[in-house]
Amino acid sequence: MSDNSNPLDFNFIMASSVHDMKNSLSMLLHSLDEVSQEVNELQLPVADRMATLQYEAARVNNDLVQLLSLYKLENEALRPHIDEHFLRDFLEEHIARYHPLFKVKDMRCELVCDETLSGYFDRDLISGVINNTLANAIRYSHDAIRVSAFKEEDGLSIMIEDDGAGFPTVMLEQPGKLTEGVNFESGSTHLGLYFAHRIATLHTQNGKTGTIKLSNDSKLGGGTFKLYLP
């Protein structure tokens, strides 16, 4: 006989499981980084495959971070911790994570940001947005990515551009909308953009709210992701 006096909260169980998986995957990524460094130092022929493995593991980790953050948002358990950060150091740190893959794919990633530029935002939440956007740019670009940050309209903007095919029209029109179902050609549900939109709107200042914008006017000829933080 089943006991229904204490029914299972499946959402809570899923969130707890995602949290455990994220922690385990973070440990795996750390170990992969250490092994990859040794492989590169020894110039072993498996270096290319190691870089790809790191990239795919990082993508899964990004997805888990997004799922857990969105769960907390829906349950009003996520509050941004706003602090001042210097953008060049912040962006260099995230770009450095993908250096092994840039080398394997023979890609270049340019960073354009003044060393004195700073902004106020939640470091962990914006890190999730930047990591996911960089991972997608690597996946869809040919051989060039451009990351830039600059002051704009009493706030801060971060742009990630690529030289790929650009964004489809439906994404340009509603970048923050979570689509129903899956695009089986790309495997995308637009979860990353929905996550970026929700995180951006958590950042408010003087009546202004953070936004994301997509366009196909990249200086490299592909798509542009723009994050504005007031």
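Angles between elements are taken between N-to-C directions on a scale from 0 to 180 degrees, with axes given by lines fitted to C-alpha atoms. In this predicted model, helix H7 lies across strands S8 and S9 and runs at about 140 degrees to S8. Helix H7 spans residues 191–201, and nine of its eleven residues are buried, so the helix is largely enclosed by the rest of the structure. The buried positions are Leu191, Gly192, Leu193, Tyr194, Phe195, Ala196, Arg198, Ile199 and Ala200.

The two strands crossed by H7 belong to an open sheet of five strands, arranged in the order S2-S4-S5-S9-S8 with mixed pairing. Strand S2 (108–112) and strand S8 (211–215) stand at the edges of this sheet; each has a single partner strand, so one side of each is left without a neighbour in the sheet. From one strand to the next, the twist averages 15 degrees. In general, the strands of a sheet pair through backbone hydrogen bonds, in either a parallel or an antiparallel sense. Between S2 and strand S4 (residues 144–152) the pairing is parallel and extends over five bridges. Within this pair, Cys109 has Ile145 of S4 as its bridge partner.

A further helix, H5 (residues 123–140), is also placed against the sheet, lying across S4, strand S5 (155–162) and strand S9 (224–229). The direction of H5 is at about 20 degrees to that of S5.

The largest nonpolar core comprises 44 residues, and the residues with the most contacts inside it are Leu87, Leu91, Ile145 and Leu227. Helix H5 gives the most to this core, contributing eight residues. At least three residues of the core are drawn from each of domain 1 (10–75) and domain 2 (83–229). Nonpolar side chains tend to be buried together in soluble globular proteins.

Two positions illustrate the surroundings of strand S9. Leu227, one of the core residues with the most contacts, touches Ile126, Val129, Leu156, Ser157, Ile158, Ala200, Thr211 and Ile212 when residues up to four places away in sequence are not counted. Among these partners of Leu227, Ala200 is one of the buried residues of H7. Lys226 is likewise located in strand S9. The side chain of Lys226 is joined to that of Glu152 by a polar contact of 3.0 Å. With neighbours within four places in sequence left aside, Lys226 is in contact with Glu152, Ser157, Ile158, Met159, Thr211, Ile212 and Lys213.

Note on methods. Residues numbered from 1 in each chain as written. Predicted model: local features only at pLDDT ≥ 70, side-chain atom pairs only at ≥ 80, totals over all residues. Heavy atoms only, no water. Buried < 20%, exposed > 50% of the residue type's maximum accessible area, 1.4 Å probe, protein only. Helix = DSSP H or I, 4+ residues; strand = E, 2+ residues; numbered from the N terminus. Pairing = 2+ DSSP bridges. Contact = heavy atoms within 4.5 Å. Core = buried A, V, L, I, M, F, W, Y, C linked by side-chain atoms within 4.5 Å. Domains from an automatic or database assignment. Polar contact = N/O pair within 3.5 Å; in protein donor to acceptor, adjacent residues only side chain to side chain.
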